[in-house]
Amino acid sequence: MLTPGDTWNESTVFADAVTGKITRRLTNDGLYNETPTYHLNAAFSADSRHLIFATAREGGSALMRADVRTGDLKVIAITDGIGAYGQYHNAGNNGPYSAGLLGGGFSGGPSAIIQATNTAVVCVGRSLRHYDLETCAEQVLIADCGEEFRFGSPIGAVDGSYVVVPRVPGHPDVIAGRYPRRPYREALVAEFGGMPTTYLKIDMASGAVHEIFQEDICGSHHIQPCPADQDLWLIDRDMPPNFWAGGDERISTRAWLLDSRSGELTRLKQHDEWGFQIHTNWSVDGRLVYYHGPSAKGGQYVGVIDTQARVVWEHIFPAPYYGHTSTHTQTDAIITDGFFTPDLITAIHFRDLDSSGAPRIEILARHATEWGTIQGQYTHPHPHMSPDGRWLSYNRGEKGRTDVYVVALE
């Protein structure tokens with residue numbers, strides 16, 4: 001059985017199939033191995049030495065820390081549950097799940113590193129927990145969000161002084177004690193007319209929990225503090241009936257800024273006629289927001305907007321593939337794990353345009369994931385670049401399981 005503090009190495013090294021760059025496969029065991037989601041600064045430590053991820057193996061799951069230079073793995077925390085409690089509410093797309101004692105297990109999506117304090121904040125079941133990545137010490141921030149709720153993805157303030165997490169309704173069928181019989185989105189519209197969302201802020205010094213902002217209709221599972229102003233949050237405002245799967249038929253803009261001090265909202269509206277941005281991310285310096293979405297003209301738009309809601313650049317690509325936006329830590333560039341091909345991680349250098357206005361596309365690595373090999377987001381590459389720009393991580397699904405990889409970019 002895994003025990004906090006255990007260390008070992010199961011990594012192998014090979015050359016990336018496209019770029020030839022040295023790549024380390026950090027894991028080779030378990031049902032899933034998954035880094036945090038695509039948000040900025042959620043996976044690597046401040047010194048770029050360590051990467052966190054979740055693993056399911058030996059009948060339970062664990063939060064792990066990996067040394068990207070050597071492949072050494074360290075267990076930070078364990079539980080007997082498997083899979084994300086929130087994912088369990090998505091009827092028909094649950095992925096692996098076993099409740100265990102905490103109502104779920106460790107998974108990458110509801111996990112984030114806090115670089116300033118070398119800690120991690122994680123949702124496990126209906127609880128929110130905080131872990132020291134050196135000592136493995138655990139702090140329970142919220143023991144239970146309530147049986148009628150579930151958490152979205154947590155994130156820490158840039159300076160580590162607080163943690164913020166959205167709280168949304170649980171699936172009415174789950175709350176009633178039965179397996180979800182209808183899609184989660186459909187159930188929320190029927191019960192509430194939308195996805196009532198509360199933004200919770202936990203002060204790390206006192207442990208006090210504050211309700212910062214309330215939405216009655218719009219849902220949100222993601223909050224991203226601005227790297228330049230940690231109290232300015234990039235949020236989703238997911239409209240019914242489709243919420244994160246298309247909002248109100250792509251009419252309303254999904255990406256907004258919330259000033260958590262005043263409650264002021266700023267709409268980040270793209271040029272394209274279709275308003276639903278699928279994924280968003282801050283630039284490394286917090287001056288810009290990257291986004292993409294399906295275009296009214298076919299294909300998809302990819303764009304950049306500033307905090308005053310002024311579009312800096314937007315371009316339509318005929319790409320048919322799903323993917324995510326992530327952030328280059330050394331320059332103004334958008335990292336993607338799809339868009340142009342189903343198997344490459346690329347960087348869109350939107351400051352470097354040719355005579356037609358098309359940006360330079362740089363290939364960083366081949367992730368080669370089998371996107372649908374496990375239900376849920378475990379197989380999504382969700383690439384992260386380390387703060388020093390030397391390392392790139394991604395998840396790969398293959399033969400019914402997933403592993404974590406890291407590429408040496410320099």
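Select G125 first and show its neighbours: leaving aside residues up to four places away in sequence, G125 touches Y85, L102, G103 and G104, where contact means heavy atoms within 4.5 Å. This is a predicted model, in which local features need pLDDT of at least 70 and side-chain atom pairs count only at pLDDT 80 or more, while totals for chains, interfaces and linings use all residues. Residues are numbered from 1 along each chain as its sequence is written, and side-chain values use heavy atoms, with hydrogens and water left out.

Staying with G125, you will find this glycine in the loop between strand 9 (119–124) and strand 10 (127–132), strands being DSSP runs of E with at least two residues, numbered from the N terminus. G125 counts as buried because its relative accessibility is 8%, and buried means under 20% relative accessible area, exposed over 50% and partly exposed in between, with a 1.4 Å probe and protein chains only.

Next, move to C136, in the loop between strand 10 and strand 11 (138–142), where phi is near 70 degrees, a positive value in a residue other than glycine. C136 is buried, since its relative accessible area is 14%.

Then go to the loop between strand 18 (232–236) and strand 19 (255–259), which holds P241. A cis peptide bond, with omega of about 10 degrees, joins P240 and P241. Most peptide bonds are trans, and most residues other than glycine have a negative phi.

Finish at R250, also in the loop between strand 18 and strand 19, whose phi is near 70 degrees and therefore positive. R250 counts as partly exposed, at 32% relative accessibility.

Conventions:
Helix = DSSP H or I, 4+ residues; strand = E, 2+ residues; numbered from the N terminus.
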